[in-house]
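Here's a quick briefing to read alongside the coordinates. Have the viewer open and click along as you go.

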Amino acid sequence: MPAISLEKVKLFVDVDSNPPYPPSNTSVKTILTKEALEFIVLLHRTFNARRKQLLQNRKDFQAKLDRGDTSLDFLPETANIRNDPSWLGPILAPGLINRSTEITGPPTRNMLINALNAPLVNTYMTDFEDSNAPTWENLIYGQINLYDAIRNQINFTNQKTNKDYKLKDDIANLPTLIVRPRGWHMIEKHLTVDYEPISASIFDFGLYFFHNAKKLIEIGKGPYFYLPKMEHHLEAKLWNDIFNVAQDYLEIPRGTIRATVLIETLPAAFQMEEIIFQLRQHSSGLNCGRWDYIFSTIKKFMNDPTHILPERDQVTMTSPFMDAYVKRLINTCHRRNVHAMGGMAAQIPIKTDLNLNKIAMEKVRADKIRELKNGHDGSWIAHPQLATICNLVFKEMGTPNQIFNIPDINLNDYSLTDTNIPDHQVTIRSLNQNLEIGLKYMESWLRGSGCVPINNLMEDAATAEVSRAQLCQWCKHGVVLKDTNEKVTPQLLKSLLDKQVQDLVAEVNNPNNKYELAARYLLPEIDGQHFSEFLTNLLYDEIITLKQPIDVSKL
């Protein structure tokens, strides 16, 4: 392998800082080695121009949608892929055959241990994206935590609580790790290459893969990933090309990497088969990222008054466009011999009210039964105590998965965009609910936490995005509230937002809270005049601190 130049590569971090995880000896320098940096710099220089062009393609397509110059539909140029029944995904990978119960969460040390120790869990989707605020500490310590977990050295004592955390078994016998890197739209400003920030996707993927791929193969599993937020099959092809280069670089067989794609954007729902096809030997299926999918649907149709969605409680998985999305995904995956994974159960146990807890758990059970009957091979949970429910439901398959089950679907070309929901409504309660979720999540994210319990649900960026998008859509089109007969206006939203900030500041009684800062970012996003593509990009600069630059070539 020829030497890779690290000229014009700079780190804006303190490489000598180390996480407080005794007795672990893994340090920041363990992860940011010259060899690892050469690897991710190579990937960035090779593929970043394509990444930026694909992001521009997204903007161009959205602009056409907004002008009415185009519509969402299946691509005529890839009809041959959809119509060819002969191609299939690869054989199932070790550790990814039974995925009945997948738990998700950020890569914090205690959550990693708790998730890997959770009974009846098959896989753990370790999340650098929607449930992780990308502070430098969260990112680099997350890489350290994964490095230690894979080497059975993650045990630690919390110095504040004196609580011990340790794995109950060897990592080879515990749930399979699947890492979700950040999406193509994000950058990592703590590392610049040729005077521009490195792709966050390449940064997260590259460091994890470089340090752990061979160790994962050694323990009988492999480097597995969840890929978020894609809008076009060429974005999947970009990942596939990166996978091939990465495997060649480490001299491991192509096809060792496996990736499950979250179908969480409306354009991607029209390209499911093409996305599986582009990943070829690296595909491990698709997942119904339900909340992001709702967000994407609102965003794509933001300017169209015929596609206004009602309050979030009415947008369920049985809504026409959501039902069509689920059924098409399962049919597509199983025809191509890969997994079709269900959506998130975000409920968390309600310890203070047994009756409410029983109702919440029954809701989880009903949701998982619906997914099983539709044909999913497994599903997501946000809390270890939900594993028993999810596992018992999917045990009814009687097999490790039901890929053999190819359900018939009777869908027309317009089913994926059928947003008509009978008896739909928007109320003053739904305005306040969305403002509360948006404010609370953004405030927590600004303090460095991307996984937030709100009203007995574990919320991440996706639900905050739905809240923001709905408020903007209702305001833009002047929706009339069913209960008060008021029109949603910027003035009404501002008054409600101001009241919520006042109440929340008083409630937490903490001078370090960030509710006023969160509100300053939220208000321009919901007045119907402006809408940023992603909250995470909008808030990013508020949570990073750049140190004096270090010339990586001199490390």
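What follows is a short tour by topic, from domains down to individual side-chain pairs. Keep in mind that this is a predicted model. The chain is assigned two domains, domain 1 (9-415) and domain 2 (425-541), and a search of the whole structure turns up 42 salt bridges.

**Annotated regions**

- UniProt, in an unreviewed entry, lists "domain: Malate synthase N-terminal" at residues 24-79. That span is 70% helix and 0% strand, and its end C-alpha atoms sit 53 Å apart.
- The annotation "domain: Malate synthase TIM barrel", also from an unreviewed UniProt entry, covers residues 176-406. Here the make-up is 45% helix and 18% strand, with 26 Å between the end C-alpha atoms.
- For residues 427-543, the unreviewed UniProt entry gives "domain: Malate synthase C-terminal". This stretch is 61% helix and 5% strand, and its end C-alpha atoms are 34 Å apart.

**Where the two domains meet**

- The centres of domain 1 and domain 2, taken over C-alpha atoms, are 26 Å apart.
- On the contact count, 42 residues of domain 1 touch 42 residues of domain 2.
- About 3,500 Å² is buried between domain 1 and domain 2, and carbon and sulfur atoms give 60% of that. Met302, Glu311 and Arg312 supply 21% of the area that domain 1 buries against domain 2, more than any other three residues.
- The interface of domain 1 and domain 2 also has 4 salt bridges across it.
- If you want a pair to click on, try Arg429 and Glu311, which form a salt bridge with the closest N and O atoms 3.6 Å apart.

**Strand β6 and its surroundings**

- Strand β6 (residues 176-180) is largely enclosed by the rest of the structure, because 5 of its 5 residues are buried.
- Thr176, Ile178 and Arg180 point one way from β6, while Leu177 and Val179 point the other way.
- β6 pairs with strand β3 (residues 123-127) in the parallel sense, over 5 bridges. Within that pairing, Thr126 has Val179 of β6 as its bridge partner.
- Val179 also has a spatial neighbour in Phe205: the two are 26 residues apart in sequence but 8.1 Å apart in space, C-alpha to C-alpha.

**Two buried side chains in helices**

- Phe205 lies in helix α6 (residues 200-218) and is buried, with a relative accessible area of 0%.
- Leaving out neighbours within four places in sequence, the contacts of Phe205 are Leu43, Pro181, Phe225, Trp239, Ile242, Phe243, Ala246 and Ile257.
- Val326 belongs to helix α11 (residues 320-335), and at a relative accessible area of 1% it is buried too.
- Not counting residues up to four places away in sequence, Val326 touches Cys288, Met317, Asn374 and His376.
- Gly342 is 16 residues from Val326 in sequence, and 8.4 Å from it C-alpha to C-alpha.

**Mostly covered helices**

- In helix α9 (residues 272-279), 7 of the 8 residues are buried. Among them are Glu273 and Glu274, along with Ile275 and Ile276.
- Right after α9 comes Arg280, with a positive phi near 45°.
- Helix α13 (residues 387-394) has 6 of its 8 residues buried, including Ile389, Cys390 and Phe394.
- The buried residues of α13 pack against β2 (101-105), α12 (354-374) and β13 (378-381).

**Salt bridges**

- Glu102 and Arg99 form a salt bridge with their closest N and O atoms 2.6 Å apart, and both residues are buried.
- Asp498 and Lys494 pair up at 2.8 Å between the closest N and O atoms. They are separated by about one helical turn, because they sit 4 residues apart in helix α16 (residues 490-508).
- How exposed is that pair? Asp498 is partly exposed at 39% relative accessibility, and Lys494 is partly exposed at 40%.
- Lys499 and Asp503 form a salt bridge at 2.7 Å, N to O. These two also lie in α16, 4 residues apart, about one turn of the helix.
- Lys499 counts as partly exposed at 45% relative accessibility, as does Asp503 at 36%.
- Elsewhere, salt bridges with shared partners link Asp127, Glu129, Asp130, Arg180, Lys229, Glu264 and Asp292 into one network.

Key. Residues are numbered from 1 along each chain as its sequence is written. This is a predicted model: local features need pLDDT of at least 70, side-chain atom pairs count only at pLDDT 80 or more; totals for chains, interfaces and linings use all residues. Side-chain values use heavy atoms; hydrogens and water are left out. Buried means under 20% relative accessible area, exposed over 50%, partly exposed in between (1.4 Å probe, protein chains only). Two strands pair if DSSP finds at least two bridges between them. UniProt positions are given in the numbering used here, feature names are shortened, and annotations may be inferred rather than shown by experiment. Domain bounds come from an automatic or database domain assignment. Contact means heavy atoms within 4.5 Å. Buried area is the accessible area (1.4 Å probe) that two parts lose on being put together, summed over both.
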